[in-house]
Amino acid sequence: QVQLVESGGGLVQAGASLRLSCAASGRTFSMNAMGWFRQAPGKEREFVAAISRSGGSTYYTDSVKGRFTISRDNAKNTLSLQMNSLKPEDTAVYYCAAKRANDFVTKYDYWGQGTQVTVSS
């Protein structure tokens, strides 16, 4: 099993930045691709960004392109999401996820508990 713990959420004003982190533990050798998802109140969980095991490939949902950057440090078993120019519509619970496959298509196998990000206007 893999355990994922997110941190770094908070309340910020529109235009501010936040950096989310995800610490992985357990059978981390089984992790390959990782990603961030978010769920706003009353909405379905949606994909935000993903990164391959090597970090050489990344993928973003259109609404965050140019504002968010996903990165990982395999030596430290951490995943990060740098969020700049935050907008009120970015308000959501953000989840870290990991999978055994190294692609951007298949389902994720492991999930964190989430961290709240609130952006005020």
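Between which two strands does the loop that holds Asn77 lie? Select Asn77 to find out: the loop runs between strand S7 (68–73) and strand S8 (78–83). Before going further, note that the model on screen is predicted.

**The whole chain**

Zoom out and show the protein as a cartoon. There are eleven strands and zero helices. Followed along the sequence, the pattern reads β-β-β-β-β-β-β-β-β-β-β. The radius of gyration is 13 Å, close to the 14 Å that the globule rule gives for 121 residues, so the protein is as compact as a globular protein of that length. Along the principal axes, the C-alpha atoms fill a box of roughly 40 × 25 × 25 Å.

Now switch on the surface. The accessible surface of the protein amounts to about 6300 Å², and carbon and sulfur atoms account for 47% of that area. Of the 121 residues, 42% count as buried. If you colour by charge, there are 14 positive and 9 negative charges to find, and the mean positions of the two sets are 5 Å apart. Contacts can be shown as well: among those between residues at least 6 apart in sequence, 57% join residues at least 24 apart.

**Stop 1: Asn77 and Ser85**

Return to Asn77 and look at the backbone. Most residues other than glycine have a negative phi. Asn77 has a positive phi, near 55°, and is not a glycine. With a relative accessibility of 25%, Asn77 counts as partly exposed.

Next, select Ser85, in the loop between S8 and strand S9 (92–98). What is the sign of phi at Ser85? The value is positive, about 50°, although Ser85 is not a glycine. Ser85 is partly exposed, at 42% relative accessibility.

**Stop 2: Asn32**

Select Asn32, in the loop between strand S3 (18–26) and strand S4 (34–39). Is Asn32 buried or exposed? Asn32 is buried, because its relative accessible area is 18% and the cut-off for buried is under 20%.

Show the side chain and look for Arg100. The side chain of Asn32 reaches the backbone oxygen of Arg100 at 2.4 Å. Then display what surrounds Asn32, leaving aside neighbours within four places in sequence: the residues in contact are Ser52, Arg53, Arg72, Lys99, Arg100, Ala101 and Asn102.

**Stop 3: Asn102**

One of those contacts, Asn102, is the next selection. Asn102 lies in the loop between S9 and strand S10 (110–111). Asn102 counts as partly exposed, with 45% relative accessibility.

Which residues does Asn102 touch, not counting those up to four places away in sequence? They are Asn32, Ala33, Ser52 and Arg53. Zoom in on Arg53: its backbone nitrogen lies 2.9 Å from a polar atom of the Asn102 side chain. For a view across the protein, draw a C-alpha to C-alpha line from Asn102 to Ala23, two residues that are 79 residues apart in sequence. The line spans 19 Å.

**Stop 4: Arg38**

Move to strand S4 and select Arg38. Arg38 is buried, with a relative accessible area of 5%.

Which side chains should be shown beside Arg38? One is that of Ser63, in polar contact with the Arg38 side chain at 3.4 Å. Another is that of Asp90, where the polar contact is 2.9 Å. To see the wider surroundings, leave aside neighbours within four places in sequence and display the residues in contact with Arg38. Among them are Glu44, Arg45, Glu46 and Val48. The list also includes Val64, Phe68, Glu89, Ala92, Val93 and Tyr94.

**Stop 5: Gly10**

The last selection is Gly10, in strand S2 (residues 10–13). Gly10 is partly exposed, at 24% relative accessible area.

How many residues along the chain separate Gly10 from Thr118? The two are 108 residues apart along the chain, while their C-alpha atoms are separated by 6.1 Å. Thr118 is also one of the residues that Gly10 touches. Not counting residues up to four places away in sequence, the others are Leu18, Gln116 and Val117.

Terms used:
Residues numbered from 1 in each chain as written. Predicted model: local features only at pLDDT ≥ 70, side-chain atom pairs only at ≥ 80, totals over all residues. Heavy atoms only, no water. Helix = DSSP H or I, 4+ residues; strand = E, 2+ residues; numbered from the N terminus. Rg over C-alpha atoms; globule rule 2.2 N^0.38 Å. Buried < 20%, exposed > 50% of the residue type's maximum accessible area, 1.4 Å probe, protein only. Contact = heavy atoms within 4.5 Å. Areas by Shrake-Rupley, 256 points an atom, 1.4 Å probe, with all protein chains shown as cover. Lys, Arg positive; Asp, Glu negative; His and termini not counted. Charge placed at Lys NZ, Arg CZ, Asp CG, Glu CD. Polar contact = N/O pair within 3.5 Å; in protein donor to acceptor, adjacent residues only side chain to side chain.
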